[in-house]
Amino acid sequence: VMPLIAEASGMVDSKKNNGFLWVHEDSGNPSVLHLLGHDGKVVKTVELAGIDNRDWEEMQRSGDQLYLADIGDNSAQYNEYRIYIFEEPDAQVQKVTGIQTLRFVYEDGPRDAEAFLVDARTKNIYIITKSDNPSWIYQLNFPFSYNSVNTARKVGQLSYSGVVGGAMSENGTEVILKTYARLHYYNFSQNENLVTALQKKAKEIPYRLEPQGEAVAFATDGS
């Protein structure tokens, strides 16, 4: 029997539903979010109305908003990418409507990415590519346009490649970037530029290898 969730491509710890996680799957799956207990049991599936799952790769929460990124592009062939922004639903909601669509392109052509961060301090979005060696960091400046195509500008690079997931702490001073084999941890001050911080040497934190592990998240309590 196939598991209900075959590939958790992105996840965030829920702020509205204490003790639960939101998880999504990637390309070819329905446009839904799954609500899981911290024990891994699925308790709810919520429909996301009016959007398609071309290749959803990552999800972040910033304040009360969820950001869901359709940024996967294994063949680097798409002419634009999308990040969907909506208020985090509570457990009673069956369907999320009124989702805002942030359309964007990269300044230098298509890229394959599976990770992004929303800077808790500035609301800027940072997309980290997967297939480039090393991985590039692109920035989308807040405020975003919702009726025209935004441009992601190249602002830095990591010392490694293959980033498949990312997470930022609620207070905006800690980041984890995940590759298939490692968790890279960054800790920086409130006023330090995020791009500068990510170009420093990361601390490696213990990670129990999992098959096709693509998602990581901070708990709402900062752990």
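The secondary structure of the protein chain comes to one helix and 17 strands. Its radius of gyration is 16 Å, close to the 17 Å that the globule rule gives for 223 residues, so the chain is as compact as a globular protein of that length. The model described here is a predicted one. Along its principal axes, the C-alpha trace spans about 40 × 40 × 35 Å. Buried residues make up 50% of the 223 residues in the chain. Among contacts with a separation of 6 or more, 50% are between residues 24 or more positions apart.

A good place to start the tour is strand β3 (residues 32–37), where six of the six residues are buried. In a regular strand the side chains alternate between the two faces of the sheet. Both faces of β3 are covered: Val32, His34 and Leu36 are buried on one side, and Leu33, Leu35 and Gly37 on the other. Strand β2 (residues 20–24) runs antiparallel to β3 and is joined to it by four bridges, with phenylalanine 20 having glycine 37 of β3 as its bridge partner. Strand β4 (residues 42–48) also runs antiparallel to β3, here through five bridges, and lysine 44 in β4 is the bridge partner of leucine 35. The hairpin of β3 and β4 has four residues between the strands, and glycine 40 in this hairpin takes a positive phi near 90°.

Further along the chain comes strand β6 (residues 65–70), which is mostly covered, with five of its six residues buried. Six bridges join β6 to strand β5 (residues 56–62), and the two run antiparallel. Serine 62 has glutamine 65 in β6 as its bridge partner. β5 and β6 form a hairpin with two residues between them, and glycine 63 in the turn has a positive phi of about 65°. β6 also pairs with strand β7 (residues 81–87), again in the antiparallel sense and over six bridges. Glutamine 65 appears in this pairing too, with glutamate 87 of β7 as its bridge partner.

The packing of the interior can be followed through the nonpolar cores. The largest nonpolar core holds 18 residues, of which Ile83, Leu102, Phe104, Tyr106, Ile125, Ile127 and Leu140 touch the most other members. At least two residues of this core are supplied by each of β6, β7, β9 (100–106), β10 (113–118), β11 (125–129) and β12 (136–140). Leaving aside neighbours within four places in sequence, isoleucine 127 is in contact with Ile71, Phe104, Tyr106, Ala113, Ala115, Phe116, Trp136, Ile137, Tyr138, Leu140 and Ala152. Apart from the largest core lies another, of 17 residues, among them Ala115, Leu158, Met168 and Ala197.

Polar residues also occur in covered positions. Glutamine 139 lies in strand β12. Its relative accessibility is 16%, and glutamine 139 therefore counts as buried, the cut-off being under 20%. The side chain of glutamine 139 makes polar contacts with the side chains of tyrosine 126, at 3.3 Å, and asparagine 141, at 2.4 Å. Beyond its neighbours within four places in sequence, glutamine 139 is in contact with Asn124, Ile125, Tyr126, Thr151, Ala152, Arg153, Val155 and Val195.

Another part of the fold is an open sheet of four strands in the order β14-β15-β16-β17, with antiparallel pairing. β14 (165–168) and β17 (203–205) stand at the edges with a single partner strand each, so one side of each is left without a neighbour in the sheet. Neighbouring strands of this sheet are turned by 25° against each other on average, direction ignored. β14 and strand β15 (residues 174–178) run antiparallel and are joined by four bridges. Methionine 168 stands opposite valine 175 in β15, and Met168 is also one of the members of the 17-residue core.

Glycine 166 is found in β14 as well. With a relative accessible area of 1%, glycine 166 is buried. Not counting residues up to four places away in sequence, glycine 166 touches Glu58, Gln60, Ala115, Phe116, Leu117, Ile176, Leu177 and Val216. Glutamate 80 lies 86 residues from glycine 166 in sequence, and the two are 21 Å apart in space, C-alpha to C-alpha.

Conventions: Residues are numbered from 1 along each chain as its sequence is written. This is a predicted model: local features need pLDDT of at least 70, side-chain atom pairs count only at pLDDT 80 or more; totals for chains, interfaces and linings use all residues. Side-chain values use heavy atoms; hydrogens and water are left out. Two strands pair if DSSP finds at least two bridges between them. Axes are lines fitted to C-alpha atoms, for helices over the stretch in contact, and angles run from 0 to 180 degrees between N-to-C directions. Buried means under 20% relative accessible area, exposed over 50%, partly exposed in between (1.4 Å probe, protein chains only). Contact means heavy atoms within 4.5 Å. A nonpolar core is a set of buried Ala, Val, Leu, Ile, Met, Phe, Trp, Tyr and Cys residues joined through side-chain atoms within 4.5 Å. A polar contact is a pair of N or O atoms within 3.5 Å; within protein, one must be able to donate a hydrogen and the other to accept it, and residues adjacent in sequence count only if both atoms are side-chain atoms. The radius of gyration is taken over C-alpha atoms; the globule rule is 2.2 Å times the number of residues to the power 0.38.
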